[in-house]
Every structure is written in structure tokens, then in C-alpha cells.
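Dear colleague,

Here is the structure you were to receive, with the sequence alongside. My notes follow below it.

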Amino acid sequence: MPVMDGFEATGRIRRLEADRSGAASDSAACHTPIVALTANSLSGDRERCLAAGMDDHVAKPFRRAQLFATVARWVGLPSAEVTNPSGLARTPYAALLRADAQLPGVIDRGALLTHLTIGGRVRPALVAKVIGLFVSETPAILDGLAQGLKRQDRAAVERAVHTLKASAATVGASGLSELARLAERHARTGSLTAVQQQLGEILRHFDLAVAQLQVLRSEFLHSPMDIGAT
């Protein structure tokens, strides 16, 4: 940015807010959400941004659904409102726990709930947190995959798809997990060309998974208590 960078701008905004909050009855109303958008995802970038007073961090390259979800989180919009442009029907939370309930598209509801059931009960806060971590952290994994392919770094590619395979399975993104499993097999045999050919499909499945997971996450966030999974 001209004249000042994002860190200095954030510092000035926070100082102005601190001055105003002293005279305001509601200090929360004086807080302006600030999301950092950085050109890379170097180690420590996120921590530096948060330490400077920013609320969140998105690194390039990012997926549109990730950016929409981040903005929605900090401006108070329901995540489904900005991450569900295709008009997917919202599924009531209670219905998501029925054995015959179905989520449209790429998310396996049964697999998601199985992974996140503790002591026979589904814990909405845990489900929402795991989904949020998947949405925010997977773009860095995908970037590592793309960079590894660019460098022809077999170990980096294998590491990225192995991580993606496990994290996608945890949130019920079975199709994405299967694509990552196939990519991992190709990487282990040294066939990075085959992995490169899969990259577009992997990114497409990630975008679809994020859109649907954010709808599901919104439902769980609105549930005030743990519910039996059976």
C-alpha cells in the first residue's frame, strides 16, 4: 500500500478504536474487523498479522470459498449466505443426525459424524471447529502441492496429498480424500505427471466440499447442545 503498510494501518486503526471505546458504552461496536491478505504463506505470517492486531489471515493463492467464509465470519453474516451461491438447500441440524439424512453432493454425512462422535454423542462445537480448520488450513496444503509439482519435488507432493487424504476424510469429503489417495499412490511411484493431471479435479472437489461444509457448519454452530448420534 502507498504511504503505509497494512501493519502500520492496523496499528493506527486499533489506537483510534481504543480512544473511541473509552467514550462508548459498547466497546465491541468500536472494533473494525481486519483480515490480512498476504502474497504468500510463509511460516510466521499469520502470527505476525494477529500480533499486529488483525483478526484473521488469508494467504495467496486462496480459494474463493475460503475468502467468502473468512469475510462472513468477521462481518457477522451466516456462512451459508456467502458460500452457497449455487442455492443448495439448507438441511436442518436435527435432520443431519438421522440415519436416513443425506447431504447433497460431495460430503458423506455418516463419515463426518463417525469421525467426530465422542462417547456416543455428536458435539456441535467440535464439528464446527474441525470444519473451520479444514477450510482455513487446506489452501496452504494445496499450495504446497502445486509448488511441489512445479519443483518436481516428489517428497513434497507425497507429503501434501497424504495430509489432504486424511483431513478430507475427517470432514467427510470422501471424493476429495479418494483423489488424494490416488495422487499419493502416483507420487510414491514417481509419476508426478499423473498427479499434475489430477490437480484441477482436486481443486474443484475442494471448492465443492467447502461450499457444502460451510452450510453444515452453520447448522452445527446454531445447535446449543450435544446430541446423541444414533
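**Confidence first**

Over residues 78-104 the pLDDT stays under 50, and the model has 52 contacts beyond four places in sequence for this stretch. Residues 225-230 also have a pLDDT below 50, with 18 contacts in the model beyond near neighbours in sequence. This is a predicted model, and its protein chain has a mean pLDDT of 75, with 69% of the residues at 70 or more. Where pLDDT is low, the predicted coordinates should not be read in detail. Please treat the contacts counted for residues 78-104 in that light.

**The nonpolar core**

The largest nonpolar core has 36 residues. Within this core, F134, L145, L176 and I202 have the most contacts. Two or more residues each come from α6 (109-115), α7 (124-151), α8 (154-170), α9 (174-188) and α10 (192-221). The largest share is that of α10, with 10 residues.

What does F134 touch, leaving out residues up to four places away in sequence? The list is P139, S167, A168, V171, L176, F206 and L213. L176 is thus on this list and is also among the residues with the most contacts inside the core.

**Around V106**

V106 sits in the loop between α5 (93-96) and α6. Its C-alpha is 7.0 Å from that of S174, although 68 residues separate V106 and S174 in sequence. Neighbours within four places aside, V106 is in contact with G172, A173, S174, G175, H205, L208, A209 and Q212.

**The loop between α7 and α8**

Q152 is found in this loop. The phi of Q152 is near 60°, a positive value in a residue other than glycine. Is Q152 buried or exposed? Q152 is exposed, because its relative accessible area is 54% and the cut-off for exposed is over 50%.

**The strands**

Strand β1 (residues 35-38) and strand β2 (residues 56-59) run parallel and are joined by 4 bridges. One of the pairings is T38 of β1 with A59 in β2. In a regular strand the side chains alternate between the two faces of the sheet. In β1, A36 and T38 form the covered face, while V35 and L37 form the uncovered one.

**Aromatic rings**

The structure holds 1 aromatic pair. Separately, R48 lies over the face of F7, at 4.0 Å from the ring centre.

Regards

Technical notes:
Residues numbered from 1 in each chain as written. Predicted model: local features only at pLDDT ≥ 70, side-chain atom pairs only at ≥ 80, totals over all residues. Heavy atoms only, no water. Buried < 20%, exposed > 50% of the residue type's maximum accessible area, 1.4 Å probe, protein only. Pairing = 2+ DSSP bridges. Phe/Tyr/Trp six-rings, centres within 6.5 Å; stacked < 30°, edge-to-face > 60°. Lys NZ or Arg CZ within 6 Å of the ring centre and 35° of its normal. Core = buried A, V, L, I, M, F, W, Y, C linked by side-chain atoms within 4.5 Å. Contact = heavy atoms within 4.5 Å. pLDDT = per-residue confidence, 0-100.
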